[in-house]
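Subject: Structure for you to look at

Hi there,

Here is the structure I promised to pass on. Could you open it in your viewer and keep it beside this email while you read?

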Amino acid sequence: MAFFAFVSSVAFASFGSGPTTVTAQVAPDTYKDVYDGWKWWHVYCYRCHGVDAVGTTNAPNLTDPNGKLTDAAFLKIVREGRADKGMQAWDKLLDDKQIKQIHLYVRARTDKVLPAGRPDEVGPNKGPWVPPAGWPSRRGGS
């Protein structure tokens with residue numbers, strides 16, 4: 001599916017004998033990492049933070065742009081937990097790659113580039129989601 005998302009994100013301006021122009025490309029791993037983050041989310045996080053990261057009475061909405069966390073801050077919180085807020089540490093069950101994938105999924109929801117639902121069903125024609133060109137931006141320490 002990552003290959004499909006990569007190929008789908010490339011737009012060709014012409015197919016004639018002249019030069020072909022290609023628009024910006026999405027990193028081929030972006031879709032896979034968001035999809036894997038969504039899967040980990042539904043194993044470990046949704047019970048408290050909601051199915052689409054929108055929060056519950058037990059835990060905050062993580063799609064609020066005002067509460068956006070950097071990769072480092074998100075990693076620290078998930079690894080160590082927040083005992084004062086009732087969040088357990090996940091360092092025994094999730095490695096750094098998995099936590100970063102979860103964060104990329106949350107960022108896609110926060111940045112409103114990923115609609116609610118399964119990433120393999122919310123794209124064009126109810127197929128795989130296609131990350132927008134240039135997303136995610138790494139500006140701002142994220």
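Below is what turned up, from the overall fold to single residues.

First, a caution: this is a predicted model, so please read every value below as computed from predicted coordinates.

**Overall picture**

The protein has four helices and zero strands. Read from the N terminus, the order of elements is α-α-α-α. Of its 142 residues, 36% count as buried. The accessible surface is about 8,400 Å², and carbon and sulfur atoms account for 57% of that. As for contacts between residues at least 6 apart in sequence, 54% of them join residues at least 24 apart.

**The largest pocket**

You will probably want to look at the open space first. The largest pocket holds about 560 Å³. Its lining is made up of 23 residues, and those closest to the centre are H49, A59, P60, L62 and M87. Two elements, α2 (28-49) and α3 (71-80), each give two or more residues to this lining. Which element gives the most to the lining of the largest pocket? That is α2, with five residues. Sorted by class, the pocket lining has 15 nonpolar residues, six polar ones and two charged ones.

**The enclosed space**

There is also one cavity of 30 Å³ or more in the structure. The space in this largest cavity comes to about 80 Å³. Around the largest cavity you will find L62, G67, K68, L69, F74, H103, V106, R107 and T110. L62 is thus listed for the cavity lining as well as among the residues closest to the centre of the largest pocket, which makes L62 a handy residue to select when you view both spaces. The largest share of the cavity lining comes from α4, which supplies four residues. By class, the residues lining the largest cavity are four nonpolar, three polar and two charged.

**The cysteines**

How many disulfides does a search of the whole structure find? The count is zero. For C45, the reason is distance: the closest cysteine sulfur, in C48, is 8.8 Å away from the sulfur of C45, and that is too far for a bond, since a disulfide needs the two sulfur atoms within 2.5 Å. C48 is likewise in no disulfide, with the sulfur of C45 as its nearest cysteine sulfur. Is C45 buried or exposed? C45 is buried, at a relative accessible area of 13%. C48, on the other hand, is partly exposed, with a value of 38%.

**After the last helix**

Several local features sit in the segment after α4 (96-110), so here they are together, with P115 as one of the residues placed there. P115 is partly exposed, and its relative accessible area is 37%. Leaving aside residues up to four places away in sequence, P115 touches R109, V122 and W129. Of these contacts, the one with W129 spans 14 residues in sequence, with the two C-alpha atoms 8.7 Å apart in space.

The backbone deserves a look here too. Most residues other than glycine have a negative phi, and most peptide bonds are trans. Against that background, K112 has a positive phi, near 60 degrees, and is not a glycine. K112 also belongs to the segment after α4, and it counts as exposed at 64% relative accessibility. N125 is another non-glycine residue with a positive phi, in this case about 55 degrees. N125 lies in that segment after α4 as well, and is exposed, with a relative accessible area of 80%.

Where does a cis peptide bond appear? It joins W135 and P136, with omega about 0 degrees. P136, too, lies in the segment after α4.

If you would like a short list to start from, I suggest the lining of the largest pocket, where α2 gives the most residues, then the cis bond between W135 and P136, and then the positive phi values at K112 and N125.

Happy viewing, and write back whenever you like.

Best wishes

How values were computed
Residues numbered from 1 in each chain as written. Predicted model: local features only at pLDDT ≥ 70, side-chain atom pairs only at ≥ 80, totals over all residues. Heavy atoms only, no water. Buried < 20%, exposed > 50% of the residue type's maximum accessible area, 1.4 Å probe, protein only. 1 Å grid on protein atoms, 1.4 Å probe; cavity = no way out; pocket = protein on both sides within 12 Å on 5 of 7 lines; lining within 4 Å. Points joined across faces, edges and corners; volume = space filled by probe spheres on them. Nonpolar A, V, L, I, M, F, W, Y, C, P; charged D, E, K, R; others polar. Contact = heavy atoms within 4.5 Å. Areas by Shrake-Rupley, 256 points an atom, 1.4 Å probe, with all protein chains shown as cover.
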